[in-house]
Amino acid sequence: MSHTISVTIEAGVAAQPNELGLIICKSCNEILATLPTDGYKKFYVVCQACARKENNKEASE
Ligand SMILES: [Zn+2]
């Protein structure tokens with residue numbers, strides 16, 4: 001079974017007062033980006049560094 005996690009995050013999005021959406025890496029808990037959302041929301045993703053780490057972990061059995 002192969003699963004690929006690819007995350008595309010636009011960097012350089014202008015910070016706005018209503019940017020309550022947080023994109024958080026569920027592996028290292030780092031806030032990767034913020035989003036202008038209606039209300040406080042969290043989006044859990046895996047950042048590229050952690051995705052690479054997990055791939056290596058799976059590959060090296
Ligand atoms: Zn991470």
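A residue counts as buried if 20 or more other C-beta atoms lie within 10 Å of its own, as exposed if 12 or fewer do, and as partly exposed in between, with C-beta atoms placed from the backbone.

**View 1. The whole chain, with its buried share.** By that rule, buried residues make up 2% of the 61 residues in the chain. What you're looking at is a predicted model, where local features need pLDDT of at least 70, side-chain atom pairs count only at pLDDT 80 or more, and totals for chains, interfaces and linings use all residues. Residues are numbered from 1 along each chain as its sequence is written.

**View 2. One helix and three strands.** Follow the chain along its sequence and you get β-β-β-α. Helices (H or I, at least four residues) and strands (E, at least two) are DSSP runs, numbered from the N terminus.

**View 3. The open sheet.** Its 3 strands come in the order β2-β1-β3, with mixed pairing; strands pair if DSSP finds at least two bridges between them. Why do β2 (31–35) and β3 (41–45) each have one side without a neighbour in the sheet? Both stand at the edges, each with a single partner strand, so that side is left free of a neighbour.

**View 4. Where β1 meets β3.** Strand β1 (residues 21–25) pairs with β3 in the parallel sense, over 5 bridges. Zoom in on I23 and you'll find its bridge partner in β3, F43. C25, meanwhile, stands opposite V45 in β3.

**View 5. A closer look at β3.** How many of its 5 residues are buried? The count is 0, so to speak of β3 as hardly covered is fair.
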